[in-house]
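Biologist: Please walk me through this one the way you'd read it yourself. Start with the vocabulary for the elements, then take me feature by feature.

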Amino acid sequence: MMLALVDEDGYGSHPMFDWIKKNLFGRQPQVDPYDQCVIEFIEECRRQGCVLSSYDHQDRSFRFGTDAGLKVQLDNLFASWLPLDQHGRAEAVAKFVRSIVESGENTEISPETLSEQLMPGIRARTLIGGAMLQNWIAGAPADGTTEIAWLPFAGDLAACVVWDKPLTMAPMTRLNLKFADIPIDRAMSRAMTNFRARMPAVVFEPVGKGVFGCNMLDDHQSALLLLQLGKDYVVPPLEGTPVALVPSRNTFYVTGSANTAGLTTLLDRSETASQLPHFCSSMILQWAGDRWSEFHFDSGTANADRQRRIALDRLTNDYRVQKQLLDQFYQKQSLDIPVSEVLVFHKPNQETSLVTVTALGSAARGTLLPQVERLNFVKQTIDPRTGQAQADDVADVAWSEAMDVVGSLLEPVPYLYPPRFRALGFPDAVAWAKLKALTRQK
């Protein structure tokens with residue numbers, strides 16, 4: 001980490017800092033909370049001697065160093081900073097900047113000592129997929145070598161190992177573990193041994209309506225999911241079997257499967273989970289005697305409908321972020337590859353009223369499709385005057401039906417999560433007739 005300042009102001013003379021100087025430091029006393037957090041962050045960087053190279057207000061990120069090699073997002077800092085008092089905010093910002101300094105120091109992996117520094121972690125698969133795409137955009141090979149090494153856990157969650165340093169955590173990529181010559185299963189075993197040896201006795205505190213919370217393990221809190229409930233730790237007496245929510249990697253909530261009020265409280269917290277710093281998952285889990293699995297409310301209940309809506313909101317957001325990253329990557333590669341969006345429609349008088357949909361147009365080539373519930377094939381013609389595609393006919397079928405009829409045209413795209421399929425072509429006349437017949441049967 002460079003220790004020289006960019007200029008005497010501490011926030012740089014780079015043209016990209018014009019927005020900061022004009023919109024933050026030149027404002028009247030009434031300042032937006034996020035902008036105030038940015039101001040305090042910049043001032044703390046000046047105090048600790050961090051070089052700020054540029055700032056992207058839309059992306060809420062800074063780049064550090066004279067070569068602008070380190071990108072830092074402020075979303076987690078802001079979410080942690082916002083509810084604190086003035087003293088707490090100053091401490092949070094100072095610690096965050098110290099972690100940036102630490103991450104910029106020599107981070108060469110030592111195969112001899114790494115195993116002692118490993119700890120387990122639980123991460124959302126979508127965050128793992130997003131980090132890999134960020135690496136691609138930064139110039140890494142467009143394959144799975146820089147993906148965070150992971151093992152399946154439950155639903156959208158994956159188990160991983162992290163390099164635990166005093167102020168920062170670095171999830172190990174497949175390339176990291178290959179360099180250290182530690183297979184993922186052996187690395188996880190060692191991480192779990194370290195976790196069990198270092199963690200204090202786990203304590204849950206009541207938070208209301210028969211829900212109990214634990215946040216004493218800081219960034220390792222979500223790793224409780226990897227331990228054996230009843231053996232490695234215990235929970236307070238509950239109504240029914242344990243049901244848990246881990247909305248961030250810092251927080252663990254548990255209630256009983258027979259406690260309706262407690263389950264509804266978990267659902268409330270699930271709905272706002274993505275707003276927390278270090279978001280982990282909005283999925284609710286149930287203990288099955290030896291492992292955690294997805295928990296679902298009884299079909300037809302108000303909570304079940306709410307749970308589905310929360311899940312669809314999460315899915316559409318995950319695909320939206322993925323599309324932004326893919327578009328950015330393909331633009332940098334000068335590739336014209338369409339990346340389809342996910343739409344959610346309300347279908348009245350049906351058992352499942354909310355349905356996810358995407359479309360494949362006949363005029364597009366190589367479109368990347370999200371895996372959704374219904375796929376619309378759109379037969380198009382090109383207007384010779386405007387060059388615009390016009391829809392002539394639509395076949396609306398379930399995803400499974402599309403795979404049965406034209407599955408050979410939909411090729412899974414490796415490494416991406418949430419999953420996508422590349423359209424290798426458009427249905428021919430015979431396949432189109434079959435798809436239209438399925439459309440009429442709806």
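Modeller: Helices (H or I, at least four residues) and strands (E, at least two) are DSSP runs, numbered from the N terminus. With those rules, the protein has 12 helices and 20 strands. Residue numbers start from 1 along each chain as its sequence is written, and side-chain values use heavy atoms, with hydrogens and water left out. Also, this is a predicted model: local features need pLDDT of at least 70, side-chain atom pairs count only at pLDDT 80 or more, and totals for chains, interfaces and linings use all residues.

Biologist: What does the protein average in pLDDT?

Modeller: pLDDT is the predictor's confidence in each residue, from 0 to 100. Here the average is 87, and 89% of the residues score at least 70. Element by element, helix α1 (residues 18-23) has the lowest mean, 52, while β12 has the highest, 98. Go easy on residues 1-17: pLDDT stays under 50 there, and the model has 44 contacts beyond four places in sequence for that stretch. Contact means heavy atoms within 4.5 Å.

Biologist: How much of the contacts in the protein comes from residues 24 or more positions apart?

Modeller: Those pairs account for 60% of the contacts with a separation of 6 or more.

Biologist: What share of the 442 residues is buried?

Modeller: Buried means under 20% relative accessible area, exposed over 50%, and partly exposed in between (1.4 Å probe, protein chains only). By that yardstick, buried residues make up 46% of the 442.

Biologist: Which residues touch the most other members of the largest nonpolar core?

Modeller: General idea first: in soluble globular proteins, nonpolar side chains tend to be buried together. A nonpolar core is a set of buried Ala, Val, Leu, Ile, Met, Phe, Trp, Tyr and Cys residues joined through side-chain atoms within 4.5 Å. The largest one has 50 residues, and F204, Y233, F252 and W292 touch the most other members. Strand β6 (residues 157-164) gives the most to this core, seven residues. Apart from it lies another core of 21 residues, including I42, F62, L74 and V93. Zoom in on F204 and, beyond its neighbours within four places in sequence, you'll find contacts with F212, G213, C214, L224, Y233, V234, V235, P236, F252 and V254.

Biologist: Now helices. Why do the buried residues of α8 line one face?

Modeller: An α-helix has 3.6 residues a turn, so residues three or four places apart point the same way. In α8 (184-198), the buried ones are A187, M188, A191, M192, N194 and F195. Looking down the axis, they fall within an arc of 165°, so they line one face of the helix; the arc is that of the directions from the helix axis to the C-beta atoms. D185 and A197 are the exposed residues on the face turned away. The buried side is covered by elements including α5 (114-117), β4 (118-124), β5 (150-154), β6 and α7.

Biologist: And how far does α12 reach from its first C-alpha to its last?

Modeller: Expected span is 1.5 Å times one less than the number of residues. Helix α12 (residues 429-440) has 12 residues and reaches 17 Å, close to the 16 Å expected. Its buried residues are A431, W432, L435, K436, L438 and T439. They fall within an arc of 155° seen down the axis, so they line one face here too. They pack against β17 (374-382), β18 (389-398) and α11 (399-406), whereas A429, V430 and R440 are exposed on the face turned away.

Biologist: Which residue caps the N-terminal end of α12?

Modeller: D428 does, with a side-chain oxygen 3.3 Å from the backbone nitrogen of V430.

Biologist: Which backbone oddities should I look at?

Modeller: Start with phi. D181 has a positive value of about 55° although it is not a glycine. D181 sits in the loop between α7 (174-180) and α8, and at 60% relative accessibility it counts as exposed. H278 also has a positive phi of about 55° without being a glycine; look for H278 in the loop between α9 (260-271) and β12 (284-287). Then check omega: it is about 0° between Y417 and P418, a cis peptide bond. P418 is in the loop between β19 (410-412) and β20 (420-423).

Biologist: Last one: is N303 buried or exposed?

Modeller: Buried, with a relative accessible area of 16%. N303 is in helix α10 (residues 302-332) and touches T264, L267 and F297, not counting residues up to four places away in sequence.

Technical notes:
A polar contact is a pair of N or O atoms within 3.5 Å; within protein, one must be able to donate a hydrogen and the other to accept it, and residues adjacent in sequence count only if both atoms are side-chain atoms.
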